[in-house]
Amino acid sequence: MSDGAGHTHVEERRLDEASSRIRVESSAVCGTDVMLHARGLRRPAVLGHHTIGRVEQLTPEVEAAVGVAVGTRVVVEEYVACGHCEECRAGDYRFCATVDLWTGGERVGMIPADRGSGLHGGNAEYLEIGLHHVLHRLPEGLSVDLAAWTLPLANAVDWTLFAGGVGPGATVAVIGPGYHGLSCAAAALAGGASTVVVVGPDSESGAARLGFAEGMGASIETSDDGLVDRMLARYGEVDTVVDTVGSPQTMATATALLKRFGVLVIAGLSGGDVPLDPTLIVRKLLTVKGVRGRAPQAVRRAIELLGEGRTGLESVPTHPVALEDVEATLNAMNTGRGPHSPHIVVDPWRPCHDGGPTTHSSEGEDR
């Protein structure tokens, strides 16, 4: 349970015997969790919105609504939308006002703990579900560590393949080797891109994460003053840039790297005044797209890619975290001392203080 002010604790909550629920396998951590833990919750809540698990119990009404049976292994989307607005009726439930963080909405992993059972996040042994939860079946043979990549990879499929238009033979630059940056590289490689270059900072953690990208099959480059000239000389202009950092510097780099009719996908929000050059955008006929979350088709595609073993993400080490170690881990990440691996996964069944959080210097999370 997080108080939204940098503190978490473990407490016992009871579910009504008739409640529909998921037995949680794991809950992967992203930058949003770090932000919510440090300063983003209105009231205490169980964090965790990238959750996988197995359906343990369903009421007949919920079973009919979610379309899966007891015993099914699933990934749980964080969007618990209203189900009747224009966006929901069109299948765009991720844009429903009830789940829009920009207008005060709530999602799995931030619903207040004083509401019902309070078990509304993945950082718990059980997650209560209802009529409007969205579940996707997971292959039984997919390892827990690889299955935990499902939703970040689904975001990457939406951003890289759908928004970025990456397909066979494309050349792609991914800025930021974090949780979503590595996922975007995986999506681009699985989508048939001929060249995928991941760009990261010149730091100990940056070097480690670029090493993970290289192990997946991507080329790597370090951010420095000579980056643009070096990349243009080595790879030429690229078709698509996915910027998972979103800083003034990375935006300028992205537009300089793109070829005519190229696509810039803005997936990171580091803030600052971003001096996008309109002359360069017009002269190169660039398309600039902002992205948020993912469509359900992207989740299904991500599950297919993971099941086919085509992502390379299995080479990225998993950093497991027990419930009792969530506070220390999130605080370390918030101050740039998180694990080198961006694949940080809360295992609610892991014995407490089993190894504890690894603290290394680290770049901030990318989203």
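Here are legends for three close-up views of this predicted model.

Local features need pLDDT of at least 70 and side-chain atom pairs pLDDT 80 or more, while totals for chains, interfaces and linings use all residues. Numbering runs from 1 along each chain as its sequence is written, and side-chain values use heavy atoms, with hydrogens and water left out.

**View 1. The largest nonpolar core, with Val157 in it.** This core has 52 residues, and Leu153, Val157 and Leu313 touch the most other members. (A core joins buried Ala, Val, Leu, Ile, Met, Phe, Trp, Tyr and Cys through side-chain atoms within 4.5 Å; buried means under 20% relative accessible area with a 1.4 Å probe, protein chains only.) Elements giving it two or more residues include α5 (150-163), β10 (258-266) and α11 (296-308); helices here are DSSP H or I runs of at least four residues, strands E runs of at least two. Leaving aside residues up to four places away in sequence, Val157 touches Phe162, Ala187, Ala298, Arg301, Ala302 and Leu305 (contact: heavy atoms within 4.5 Å). Another core, of 16 residues, lies apart from it and has Met231 and Ile266 among its members.

**View 2. Helix α12 (residues 326-334) and its buried residues.** Val326, Thr329, Leu330, Ala332 and Met333 are the ones tucked away. They sit on the same side of α12, because they cover an arc of only 160° around the axis, taken from the directions to the C-beta atoms. Their packing partners are α1 (31-40), β12 (319-321) and β13 (344-346). Just past α12, Gly336 has a positive phi of about 75°.

**View 3. Gly336, just after α12.** Here the backbone takes that positive phi of about 75°.

Technical notes
Buried < 20%, exposed > 50% of the residue type's maximum accessible area, 1.4 Å probe, protein only.
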